[in-house]
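Here is a friendly tour of one protein chain, written for someone who likes to have the model open while reading. Please keep the viewer at hand.

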Amino acid sequence: MAVKVEELLTAEINQPARYLGNELGATHKPWDAASVRWVLTYPEVYEVGASNLGHIILYNILNAVPRQLCDRAYLPAADLAAKLRSTKTPLFAVESRRSLTEFDILGFSLSYELGATNILEMLDLAGIPLTWQERATNPQNGQMPLIFAGGQTATSNPEPYADFFDFIALGDGEELLPEIGLILAEGKTNNLSRQALLLDLAQIPGVYVPQFYDMAADGSVHPNRPQVPERILRRVATPIPAYSIGLVPYVQTVHDRLTVEIRRGCTRGCRFCQPGMLTRPARDVEPQQVVEAIEQGMQATGHSEFSLLSLSCSDYLALPAVGMEIKNRLKDKNISLSLPSQRVDRFDDNIADILGGTRQGGLTFAPEAGTQRMRDIVNKGLTNEELLRGVKTAVDRGWDKIKLYFMIGLPGETDFDVVGIAETVRWLHRECRVDGRRGLIFNLTISNFTPKPHTPFQWHSVSTAEFSRKQKLLKEEFRGMRGVKVNYTDVRISAMEDFVGRGDRRLAAVVRRAWELGAGMDAWWESLDQAYKAWTQAIEESGLTWKYRQVESGEWNLFEKEEEHDTDADTDTRMNLTAGAGTGAPPLLDQHLPWDHLDTGIDKNWLKIDLQKALEAATVPDCSFEGCSRCGVCGTDFGHNVVVDALPIPEFAGEFVPNTERKQRLRVWFGKVGDMALVGHLDLIRLFDRVVRRADLPISFTGGFHPNPRISLANALPLGVTSTGEIADFELTESIDIESFREKLAAKLPENIPIYKVESIDLKAPSANQLLEAAEYVITVASAGSLTENGELDRENAAPVSVAPDANWEAWVKTIVETEAFWRVHTTKSGKTQDVNLRDRLHKLELVEQKQDSSTSARSGTSEGRAVLRFTGSCRSDGNLLKPEHIVFMLEQVSQQEIQLLQVERSQLILGYG
């Protein structure tokens with residue numbers, strides 16, 4: 001049964017359009033026709049989840065499978081979460097609006113160590129027991145959906161979260177999830193029990209069912225039955241760009257653009273980088289597929305920006321050719337290209353040529369360390385000369401702001417290396433200074449290194465006390481340095497990430513208790529204090545404080561012997577790597593790790609060898625372009641590197657030149673009805689921009705550095721208000737038949753934005769916004785009792801107007817019309833106050849309908865129940881407005897009743913043609 005979402009999305013709910021499920025690209029498959037019903041649940045707010053590329057790709061793939069339905073759910077913001085609990089309404093999927101318990105399977109994306117508390121929040125809001133043990137003993141076990149997780153953190157080390165999931169999907173999901181769906185469909189047909197179904201799923205490569213495995217005393221994990229594999233294989237899939245084209249949210253998201261993957265996997269071999277290890281081998285996408293996906297996607301979505309995605313875009317050798325081809329094809333569309341963090345050593349004029357558009361975006365490079373020695377230890381493969389050449393190229397091509405990412409706390413790091421970060425920035429400033437130009441501005445992010453599973457540094461121990469000391473050291477170095485803004489990752493976040501990220505199953509109780517104590521959205525600054533307090537209390541209650549103290553103080557340092565004694569490095573290194581000798585414990589590198597039962601393809605012995613090379617500051621070349629490094633990935637199970645050679649770069653067809661010609665102005669009267677009333681004004685402006693692009697209408701642009709389409713809305717409609725009388729002006733570069741324009745525009749607009757009329761307007765005539773004089777509203781109001789009864793005597797209003805005791809709506813309306821003044825204090829945006837006579841702004845007021853509530857006393861002769869009123873009032877661009885709230889104010893003056901505003905519709909905007 002569908003949840004009545006509209007009743008939940010009242011005025012106090014922020015950004016209600018998040019929860020509507022009516023975006024362009026939403027699938028809405030028939031419920032009854034599906035044999036398996038999925039929900040992809042993203043444990044972050046909508047603005048983050050709806051723009052996640054993996055979320056979009058898997059949603060599209062599952063909905064392309066016959067008889068499989070895939071819906072979506074997101075972490076509700078605090079306001080809606082509170083309302084769900086207070087109304088005892090279960091968390092729902094946004095398209096079908098059905099409770100999550102009605103689905104067969106829920107898949108969570110777990111891509112961040114601290115994200116599990118958000119997952120528990122969503123399960124609790126849905127009314128689903130939090131652990132597989134509780135679900136197994138629940139009387140409704142047979143009706144409970146299967147709960148699974150995928151994503152980088154789930155693939156890396158699912159053990160701290162093993163109690164919460166029925167199974168884990170390891171690696172890429174494009175092929176794995178449809179296989180899971182087929183097993184579910186077969187299991188439902190055969191009425192398999194939950195246990196039997198999970199046992200079938202466990203036979204699929206890439207599916208890990210934690211309840212079929214037990215943790216030993218040393219933290220290692222082993223099967224508890226013979227039917228499941230000793231080690232579970234990570235899945236690898238080939239990227240398919242066409243599935244990137246999908247959802248276009250009405251609200252602005254964190255990545256408000258079309259994103260297409262050009263390369264999956266990275267073989268650079270940075271020793272701190274978990275994604276680089278977990279996504280091997282590298283797989284380049286065929287350039288023609290990328291170009292076609294971008295061209296088709298931009299037309300289908302109406303986006304004005306696209307991004308090419310990879311862990312290392314610059315290693316996609318066809319990037320300059322692909323970027324230029326796309327730029328040439330879309331040169332008349334005012335389109336911009338952005339790239340994520342790039343390899344500074346590969347940044348050259350060819351890549352600079354394809355970036356930006358009329359809106360030049362920022363540049364981000366990641367040197368990671370401030371000295372050559374540290375960059376060699378982490379195998380960054382970057383020299384000072386390459387760093388300088390890349391930054392200089394950016395400056396020469398017009399960039400004056402550059403982001404740089406560095407890390408502190410890396411293995412073998414000394415204070416000299418830490419100070420080297422500031423010295424590097426100072427040196428770049430000096431070398432890249434250009435006479436006659438504004439100085440270069442660096443935005444730096446200094447993050448704290450936390451060791452990750454499946455990397456050569458997984459055995460390293462960090463110290464948050466050292467993080468704090470090194471941050472203080474850097475702050476002193478940067479003090480007074482001009483042209484630099486420095487952001488530091490909070491040490492508390494790093495401590496929690498490290499504690500959980502390399503933990504074992506004992507941490508499930510800690511994660512749960514932290515959620516119970518209020519931890520959630522832990523990466524957000526506004527929640528950090530609360531989250532840190534919750535996590536530390538949960539750790540204390542669990543009896544694992546000793547383990548957390550190791551994170552605070554550092555348990556060991558693979559380089560500490562070398563730092564303390566200037567002796568032979570090989571001898572000292574060997575001493576560290578065999579830590580535990582004489583204690584009965586295995587050497588440090590031979591100890592069992594909680595994730596050893598996961599087969600990611602990376603050979604653990606290779607990680608040991610690569611760690612030894614790190615201790616020697618020896619680099620390893622990129623196996624995509626040089627010899628094999630023997631990491632263990634390439635083979636039958638995982639495939640091999642697929643590298644596309646560089647292609648000839650097409651000749652540049654020229655930058656976008658905005659067509660500012662104005663040949664025709666069309667005035668459109670349209671409505672905003674149904675759920676579109678919950679889309680805000682700025683989101684509506686973006687919607688029209690995208691609709692015009694998708695309809696391929698010849699819109700005129702403004703000039704200047706940031707040209708915008710000439711689309712002008714007469715007046716902003718308040719959020720939640722419906723309307724059948726909105727007006728927008730469109731200026732075109734060529735004359736077009738009015739009916740043709742109307743048909744093209746209507747075909748691309750949402751159903752609940754109907755077009756009523758289109759007229760041609762003289763180009764020299766004032767805009768609708770300038771002509772706007774008044775607006776007509778139809779409002780539904782209700783009386784909630786006397787102001788005295790409701791404790792509302794001392795209100796912000798003038799002295800009440802006298803009314804007969806037996807007054808009703810008709811009398812109240814008549815009194816307002818006949819009264820000359822209703823004074824109210826108005827506060828301007830600048831904070832100034834002024835007395836305003838609201839009556840001067842009221843042109844017309846009439847009672848349309850009144851309904852007597854059953855609670856109203858018939859004996860009193862009054863009709864204070866509900867009433868429908870129509871009024872016309874000032875609505876001018878200079879701020880002279882009469883709002884529905886002002887009518888409520890006047891009604892309360894004459895009635896001495898508390899009046900509630902139940903519904904508002906703007907029926908027309910009135911233009912003064914003079």
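What follows goes from the whole chain to a handful of residues.

This is a predicted model, in which local features need pLDDT of at least 70, side-chain atom pairs count only at pLDDT 80 or more, and totals for chains, interfaces and linings use all residues. Residues are numbered from 1 along each chain as its sequence is written, and side-chain values use heavy atoms, with hydrogens and water left out.

**The whole chain**

The protein chain holds 29 helices and 29 strands; these are DSSP runs numbered from the N terminus, with helices being H or I of at least four residues and strands E of at least two. Its C-alpha trace spans about 100 × 70 × 55 Å along the principal axes. The radius of gyration is 31 Å, which agrees with the value near 29 Å for a compact globule of 914 residues. That radius is taken over C-alpha atoms, and the globule rule is 2.2 Å times the number of residues to the power 0.38.

Of the 914 residues, 55% are buried. Buried means under 20% relative accessible area, exposed over 50%, and partly exposed in between, using a 1.4 Å probe and protein chains only. The accessible surface comes to about 38500 Å², and 49% of it belongs to carbon and sulfur atoms; areas come from the Shrake-Rupley method with a 1.4 Å probe, and for residues only the protein chains shown count as cover.

Contacts (heavy atoms within 4.5 Å) often link distant parts of the sequence: among those with a separation of 6 or more, 76% join residues 24 or more positions apart.

**Three buried residues**

The table sets out where three residues sit and how much of each is accessible.

| Residue | Element | Relative accessible area |
|---|---|---|
| Asn837 | strand β26 (residues 833–837) | 10% |
| Ile232 | strand β9 (residues 232–233) | 2% |
| Leu53 | helix α3 (residues 53–64) | 11% |

Which backbone nitrogen does the Asn837 side chain reach at 2.9 Å? That partner is Phe822, and the side chain of Asn837 also reaches the backbone nitrogen of Arg839 at 3.1 Å. A polar contact is a pair of N or O atoms within 3.5 Å; within protein, one must be able to donate a hydrogen and the other to accept it, and residues adjacent in sequence count only if both atoms are side-chain atoms. Not counting residues up to four places away in sequence, Asn837 touches Glu820, Ala821, Phe822 and Trp823.

With the sequence neighbours up to four places away again set aside, Ile232 touches residues including Leu170, Tyr208, His597 and Asp599. Leu53, treated likewise, is in contact with Ser244, Thr259, Glu261 and Leu309. The C-alpha atoms of Leu53 and Leu247 lie 10.0 Å apart, although 194 residues separate them in sequence.

**Backbone points to check**

Most residues other than glycine have a negative phi, and most peptide bonds are trans. The Arg280 to Pro281 bond, however, is cis, with omega near 0 degrees, and Pro281 is in the loop between α10 (274–278) and β12 (283–284).

Two histidines have a positive phi: about 55 degrees for His28 and about 70 degrees for His454. Is each buried or partly exposed? His28, in the loop between α1 (5–8) and β1 (36–42), is partly exposed at 44% relative accessible area. His454, in the loop between β17 (441–448) and α17 (464–478), is buried at 5%.
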